[in-house]
Amino acid sequence: MIKQELCQVIDQTEIATNIYELTVKGELVHEMKEPGQFVHLKVNSGLSPLLRRPISIANINQDEQTFTMIYRAEGKGTRLLATLQQGDLLDVLGPLGHGFPVEETDASDTALLVGGGIGVPPLYELSQRLTANGVKVIHVLGHQTKNAVFYEEEFKQLGPTFIATADGSYAYSGFVTDIIKNENITFDVLYTCGPTPMLRALEQEYRHKKVFLSLEERMGCGIGACFACVCHTAEDPTGVSYKKVCSDGPVFKAGEVVI
Amino acid sequence: MIKQELCQVIDQTEIATNIYELTVKGELVHEMKEPGQFVHLKVNSGLSPLLRRPISIANINQDEQTFTMIYRAEGKGTRLLATLQQGDLLDVLGPLGHGFPVEETDASDTALLVGGGIGVPPLYELSQRLTANGVKVIHVLGHQTKNAVFYEEEFKQLGPTFIATADGSYAYSGFVTDIIKNENITFDVLYTCGPTPMLRALEQEYRHKKVFLSLEERMGCGIGACFACVCHTAEDPTGVSYKKVCSDGPVFKAGEVVI
Amino acid sequence: MSALNISLPGLELKNPIMPASGCFGFGREYSDLFDLSQLGAIMIKATTKDARFGNPTPRVAETSAGMLNAIGLQNPGLTKVVEEELPWLSQFDVPIIANVAGSMEEDYIEVAKEISQAPNVHALELNISCPNVKTGGIAFGTVPEIAQSLTKKVKEVSAVPVYVKLSPNVTNIVEMAKAVEQGGADGLTMINTLVGMRIDIRTGKPVIANKTGGLSGPAIKPVAIRMIHEVSQQVAIPIIGMGGVESAEDVIEYFYAGASAVAVGTMNFVDPFICPKIIAELPELIHSLGFDHISECTGRSWKTVEKLTHHRA
Amino acid sequence: MSALNISLPGLELKNPIMPASGCFGFGREYSDLFDLSQLGAIMIKATTKDARFGNPTPRVAETSAGMLNAIGLQNPGLTKVVEEELPWLSQFDVPIIANVAGSMEEDYIEVAKEISQAPNVHALELNISCPNVKTGGIAFGTVPEIAQSLTKKVKEVSAVPVYVKLSPNVTNIVEMAKAVEQGGADGLTMINTLVGMRIDIRTGKPVIANKTGGLSGPAIKPVAIRMIHEVSQQVAIPIIGMGGVESAEDVIEYFYAGASAVAVGTMNFVDPFICPKIIAELPELIHSLGFDHISECTGRSWKTVEKLTHHRA
Ligand SMILES: Cc1cc2nc3c(=O)[nH]c(=O)nc-3n(C[C@H](O)[C@H](O)[C@H](O)COP(=O)(O)OP(=O)(O)OC[C@H]3O[C@@H](n4cnc5c(N)ncnc54)[C@H](O)[C@@H]3O)c2cc1C
Ligand SMILES: Cc1cc2nc3c(=O)[nH]c(=O)nc-3n(C[C@H](O)[C@H](O)[C@H](O)COP(=O)(O)OP(=O)(O)OC[C@H]3O[C@@H](n4cnc5c(N)ncnc54)[C@H](O)[C@@H]3O)c2cc1C
Ligand SMILES: Cc1cc2nc3c(=O)[nH]c(=O)nc-3n(C[C@H](O)[C@H](O)[C@H](O)COP(=O)(O)O)c2cc1C
Ligand SMILES: Cc1cc2nc3c(=O)[nH]c(=O)nc-3n(C[C@H](O)[C@H](O)[C@H](O)COP(=O)(O)O)c2cc1C
Ligand code: FES
Ligand code: FES
């Protein structure tokens, strides 16, 4: 169930240049079921900025009743979010949307998790769920530059992890798709989250495979009421049928919607 | 000279119900010359609220490079101001306007300082200046109710101090004007700040005396540029001549402007 | 005894608070969060004759104390709304105000006729901010004669009272209000969004795919208050006010301006519980202001004090 | 070489940033804070034939991300402005744009004729948002024919180019812009304030003594951007944009919409140093966006990308 709660900030750390890891505590953690869901954050109590900001859930700790988000401080809202300190309260609406289907991968299978930039965070909770089920997980993570890389160690502890940087300043130079080919990575199921061009490339390349994509779209309500975040369904790409990224997604099966 | 500076909060204390005493440190303190001047505060960095808030300077400490304000947390802006804590930065524009003329009272004279509610604060700095000059100072301070009374001790240390509460819950019941009459207070110069009806009553009653009044008006710029805060001059009450409360005032000689 | 119930043409409201059209869908999502029967009414998403996908995304952009939207009237179309959404909503004890949109008079008339027959639709809200294809895309709501004619024709076919939703993008709002009143409108709702735009400085392109969008939220409240203040003094029909409402205090400000009920739009996105919160806060606020009943607040900013003094506690 | 200098009719601007009329008085107060010669230009407070006291106070009210004002064109009158304010301003190396207001055509003509002869007045800005006493108080700026006629007559007498300041309170801003262009306007300035109101819920009365006031500040920026986007594609004369500008990024947004210079109004009250700050930040921002000169930004949101690619670094 969706809840609105003032969660307490447990920790906030800058883990890469302008990339923050924010852990908060609240009862709504009990409602967090699927990896890949997101929360909608009101970063301050006034009207500037006005709207909530959608941020993925990167890690859930039911015992501590906490969850972690990882985000890039860029615009007005996320820069304010970055000023929160331990003990501060944060207005969280969530969990929202439908996440990655863990059950689509059998224990004996290999899952490939491909993330780009701030699309990487939700894959962390996903990877933990999959490995807990005995799935073999391979991570391919693309970042802009060396200083933007985060959670490399954390992912490595869950499975083989390849990093690409667009400017070649760290690890592989180039795109995540290059890594998958060059390293001859094989997999049964692919889960991905990141910039739309990356998602398109993966959908294109692995159309015969089971692929799940997490989309991004500008949002109003975040709960399915305002029709801000719709996309066309693939079977009716110019018609009136649609899916809402916030409530039907953000994760869709490849081929389900037009990206 | 008017300066804009991010001043550091040294202390903030609630000294009566919803009445806060806020001390900040900054170089613009060196510019503070006259008691009764004010500062224009941006209570937070965003756009809500948008405008600055005018608050009187209640106490100046040149040695420490600090000054103190006393204000009632009431609306959006002052309630936010009340959340500031030691070490926080506050955007201050000031000092602004012209204050109470200390030199109008000779050392051998008696000054009567009459304050109402949040008009009391600037009288504190004034009283210190006057007493430092050897002037005998009497204070008559009106408040709404017992819980709103502040700085009684501080004023007592500078001279005789009478308190009135409108609801009679503390000290004299009634108006400041009643006290002055009932106590047969005599004086050479009267300085006052408070609600307009109080100022009008005093101006009326003591028209043959030297009276200085500090006015309040809604402000835009606070520096004299926007014409938000004008009042008619007394000699041309329906014409085009005017004074600006922010830059010509807030303190005027009784009879100078229409209140 | 309630201090909040309000009677308006077609509407017996428990309280004068309702979500604004387009900001609450057809209620399904919010029904998971709170009991919709708490609401005074629900203004459902605009319904058009045929299903519409709406505009390309991005459809929303944030602005200072506001937002732009260009949803493009996405909705499942008349038949689905009548056969699925309205029956689903009938489980709640709350009157529905059906927002009717179209691009030709004929569309409005067809939708109005049919949707007004749904048992839980107690009033229509004519969304005349839509571009009129027959006049080259000029909005119905910017030409008095066109708005009046549309109102008249919809009134003829509607089984329930008709409220006309005024567009603020006009030189003379009073003229528009009088025109639709003369066309037979039972009430007014105002205001719809102001036309605005934002440009992304990195791409150089408008943030919204449709380029322009409707500006809503607290930023526009002063415009709405001014227009309601002007119009309420010139028409005899009641006004449901909207535009940036975010608190019980705002509701009173709308009433003082001349509104008889208030809708909450954009702020539902910021706080999905805002409508029930405002409803809960209103009784105490009203009493603290010295009123026994919220209806006493309507028009207080312009009605003479004499008429109003007996209301003070 | 400067990346900021701009040539407009009558105006050779060091940079395209200037305080908006009414938000900077006649410059005296701000001259204590910074050197006015840094500014691209100064739009001085509206000048009328005779001195005016203006409206009763309170004259301003805060709104969400904006403010209302009803100063009522307080100013010392034509003679004093010409004999005292303008000569005082001539100590600074900055062109003055004189804002001209009135309540009859004759007033405007008289003020325009005389003030345009002052040596440091390089352009006039016709404030046509004023109520026209001869048409029952309807603003000059809401009727195309009236605005056009006024423009024509002022052009005939003015010794310097005439910019007409458009009111946003109209149904069709393009029609107004074309009318004044045809009337001979050398440029447009837009937008003036939106008419708004706030009501104090404790007193039940409008916060502003004049009841309605002009809404300005960041709240109105999306309306201004939209109008400039529309108008700049339909007229051949340059536009000085304004409405809620608070940063160098906003300046670029205005240029992208179609402006050739930008004025800062309300935000001077929030940060009196905002104009020099923006001027200082612009060169780096322009270069980081890939431009050599700010003039390349004008109209980028609607000019075709082909035309613009050579501008990218
Ligand atoms: C389902 C979902 C999950 C996301 N998860 C993460 C995450 O885990 N970490 C992370 O860093 N970012 C994530 N994002 C992107 C994040 O929402 C934006 O970076 C953020 O909203 C930008 O806000 P701002 O205040 O920095 O920018 P501003 O420019 O001030 O934002 C202005 C408006 O545009 C919206 N907006 C701007 N960029 C985006 C964007 N890329 N996607 C959606 N809305 C946008 C904002 O929400 C706001 O309404 C996610 C987005 C979605 C839709
Ligand atoms: C020269 C001067 C000195 C002042 N000194 C003090 C002081 O020392 N201590 C103190 O508590 N108060 C003082 N005030 C009053 C103080 O400025 C207001 O109480 C304060 O601005 C209200 O802001 P808010 O955020 O609480 O209210 P809001 O209702 O949010 O204010 C909305 C707008 O109205 C303005 N406003 C509201 N009330 C007043 C008012 N009474 N006077 C002027 N503007 C107002 C605000 O500045 C703001 O622009 C002074 C006012 C003036 C003009
Ligand atoms: C996302 C969104 C969608 C809207 N859709 C409609 C609509 O379908 N029909 C309509 O009449 N008004 C629509 N509106 C306008 C609102 O009903 C309301 O008139 C306006 O937003 C002002 O209120 P607010 O400031 O509280 O949002 C929409 C507004 C928003 C923000
Ligand atoms: C206090 C105040 C006074 C103004 N006076 C005038 C004026 O005298 N003449 C005029 O043309 N515009 C006047 N304006 C309008 C501004 O010049 C400007 O067009 C408008 O405020 C929008 O810009 P902003 O949002 O940056 O303030 C005034 C605005 C304010 C806030
Ligand atoms: S954000 Fe409102 S429907 Fe998705
Ligand atoms: S507040 Fe602007 S002139 Fe006084």
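I started with how chains C and D meet: 100% of the interface residues of chain D are also interface residues in chain C, so the copies meet through the same surface. Note to self: this is a predicted model.

**Symmetry.** Next I looked up the operation that takes one copy onto the other. Chain D lands on chain C after a rotation of 180 degrees with 0.0 Å of shift along the axis, and the RMSD is 0.0 Å. The two copies are therefore related as by a two-fold rotation axis.

**Confidence.** I checked the scores before going on. The predictor gives the complex an ipTM of 0.97 and a pTM of 0.97. Chain C has an average pLDDT of 95, with 97% of its residues at 70 or above. I did find a weak stretch: residues 306–313 of chain C have a pLDDT below 50, though the model gives this stretch 11 contacts beyond near neighbours in sequence. Where pLDDT is low, the predicted coordinates should not be read in detail, so I left those contacts alone.

**D against C.** How many residues are in contact here? I get 43 from chain D and 44 from chain C. Together the two chains bury about 3,300 Å², with carbon and sulfur atoms accounting for 63% of that. I count 2 salt bridges across this interface. I looked at Arg198(D) and Glu253(C), whose side chains form a salt bridge at 3.7 Å, N to O. There are also 9 residue pairs in polar contact, with both residues at pLDDT 80 or more. On the chain D side, strand 11 (194–196), helix 6 (221–232) and helix 7 (248–257) each put in at least two residues. Sorted by class, that side has 21 nonpolar, 11 polar and 11 charged residues.

**C against A.** Then I turned to the contact with chain A. Here 33 residues of chain C touch 31 residues of chain A. The buried area is about 2,600 Å², and carbon and sulfur atoms give 66% of it. The salt bridge count is 2. I checked Arg53(A) with Glu62(C), a salt bridge at 2.7 Å, N to O. I also logged 8 residue pairs in polar contact, both residues at pLDDT 80 or more.

Which elements of chain C give two or more residues to this side? They are helix 1 (28–31), strand 5 (60–63), strand 6 (66–69) and helix 8 (267–270). Helix 8 gives the most, with 3 residues. By class I have 17 nonpolar, 6 polar and 10 charged residues on the side of chain C that touches chain A.

Notes
Residues are numbered from 1 along each chain as its sequence is written. Chains are lettered from A and ligands numbered from 1 in the order in which they are written. Side-chain values use heavy atoms; hydrogens and water are left out. Copies are superposed by least squares on the C-alpha atoms of residues with pLDDT of at least 70 in both. Contact means heavy atoms within 4.5 Å. pLDDT is the predictor's confidence in each residue, from 0 to 100. Buried area is the accessible area (1.4 Å probe) that two parts lose on being put together, summed over both. A salt bridge is a side-chain nitrogen of Lys or Arg within 4 Å of a carboxyl oxygen of Asp or Glu. A polar contact is a pair of N or O atoms within 3.5 Å; within protein, one must be able to donate a hydrogen and the other to accept it, and residues adjacent in sequence count only if both atoms are side-chain atoms. Helices (H or I, at least four residues) and strands (E, at least two) are DSSP runs, numbered from the N terminus. Ala, Val, Leu, Ile, Met, Phe, Trp, Tyr, Cys and Pro count as nonpolar, Asp, Glu, Lys and Arg as charged, and the others, Gly among them, as polar.
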